[in-house]
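Morning, everyone. I have a few minutes on pockets, so please bring the model up on your screens.

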Amino acid sequence: MSLYPNGIPAHGGILIDRIATPEQKAEFLSKAEQLPQVTLDARALSDLAMIAIGGFSPLTGFMEENDYLSVVKSMRLANGLPWSIPVTLSVTPGEADALKAGSLVRLNSESGTFAGVLELTQKYRYDKQEEAVNVYRTDEEKHPGVKVVYEQGDINLAGPVWLIERQAHPLFPDYQIDPSASRSLFRERGWQTVVGFQTRNPIHRAHEYIQKCALETVDGLFLHPLVGATKSDDIPAEVRMRCYEIMMEKYFPKDRVILAINPAAMRYAGPREAIFHALVRKNYGCTHFIVGRDHAGVGDYYGTYDAQHIFDEFETEELGIVPMKFEHAFYCTRTQSMATTKTSPSAKEERIHLSGTKVREMLRRGEMPPPEFSRPEVAAELSRAMQVGG
């Protein structure tokens, strides 16, 4: 008997839907030219979409001050529900002065497209350094997440939002599977337990190994690479998705794996972002979530397994999704198989592991990573992309 015969509940109990109905859309469009306007950067635009499709349930909009402060300080919303990353819309004081609480604000993309509406309830100042230290564990501007905080406006705008229209992803329309759709797919396939996998990097053998280990114990695997804003030196989303398509075609059982895009932006918040990523996958219908080595990390700001330890600060029941914690995997030359220190008797020199930086350097030189690190077809795809992109 399944614990969730109708699927796991969304975080907070209800899957949020803030996509304007045809009637609402018509009303918003009729007011479009009269509304004050704010332009969203790539991250804020993806946050708007994630709120609207329910990926950030229970959020219905950008955080008010009480929720923001509670999340920054205690990784919980003001009502006590676990939530680890602030989701805010920041503007300059000059932009904020032109807006009045209680009014509607038109939200534009950077190209000027009318993307959504904010029902403005609050404007508040916030402490950027406090956010940086609490959320990212550092106040160094060279950290990409901290850099974003320091460069954004000094005033947060808060309130419920509406997305004018859910448009197909320009690059991956076939893989845009929103939470309501992924939940339906899981039900159609009879999957009562589903493990989600997050990545911003191309798939390699260590990823494949832990994905398949997890798949041994659940009904289905939800491969959910992030395609929102990332660092400039990360491998482009198009290349990563082609690598996953290769893996789906040749190395995964098609009836037990679904590949979809996660349109959210990366924060690089390490442990806190691991919790955030898990809750997002819960909203997509996953019952389990893979947490590996240095999840959502950058540089050496976080300990290798800090993103696993942070789950111990919450009760599994209150998170509502089960973390599956994996040690760092490598190819063991002694056993001639993928393994971790839990399963391999090998010495360090018998383990084949390459860092992402090392692999990128090899690819730029036209060298192929060894088959123990990457499937040959994936390595070839990466090599082609690196030669074209430099």
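Which element gives the largest share of the lining of the largest pocket? That is H13, with five residues. Before going further, note that this is a predicted model.

Let me stay with that pocket. Its volume comes to about 980 Å³. Forty residues line the largest pocket, and the closest to its centre are Asn-201, His-204, His-207, Arg-293 and Asp-294. As for secondary structure, the elements that contribute two or more lining residues are helix H8, spanning 205–215, and helix H13, spanning 356–364. Sorted by class, the lining of the largest pocket holds 17 nonpolar, 15 polar and eight charged residues.

Now the second largest pocket. Here the volume is about 790 Å³. There are 29 residues in the lining of the second largest pocket, and those nearest its centre are Leu-45, Ser-46, Ala-49, Arg-166 and Pro-170. The elements supplying two or more residues to this lining are helix H2 at 42–53, strand E5 at 114–119 and helix H9 at 237–250.

Which of those gives the largest share of the lining of the second largest pocket? H2 does, with four residues.

And the classes for the second largest pocket: its lining has 17 nonpolar residues, seven polar and five charged.

To put the two side by side: the largest pocket, at about 980 Å³, has H13 as the main contributor to its lining, while the second largest, at about 790 Å³, has H2 in that role. The nonpolar count is 17 for the largest pocket and 17 for the second largest.

How values were computed
Residues are numbered from 1 along each chain as its sequence is written. This is a predicted model: local features need pLDDT of at least 70, side-chain atom pairs count only at pLDDT 80 or more; totals for chains, interfaces and linings use all residues. Side-chain values use heavy atoms; hydrogens and water are left out. On a 1 Å grid over the protein atoms alone, a cavity is a set of points where a 1.4 Å probe fits but cannot get out, and a pocket is an open set with protein on both sides within 12 Å along at least five of seven lines; lining residues have an atom within 4 Å of a point. Grid points are joined across faces, edges and corners, and a volume is the space filled by probe spheres set on the points. Ala, Val, Leu, Ile, Met, Phe, Trp, Tyr, Cys and Pro count as nonpolar, Asp, Glu, Lys and Arg as charged, and the others, Gly among them, as polar.
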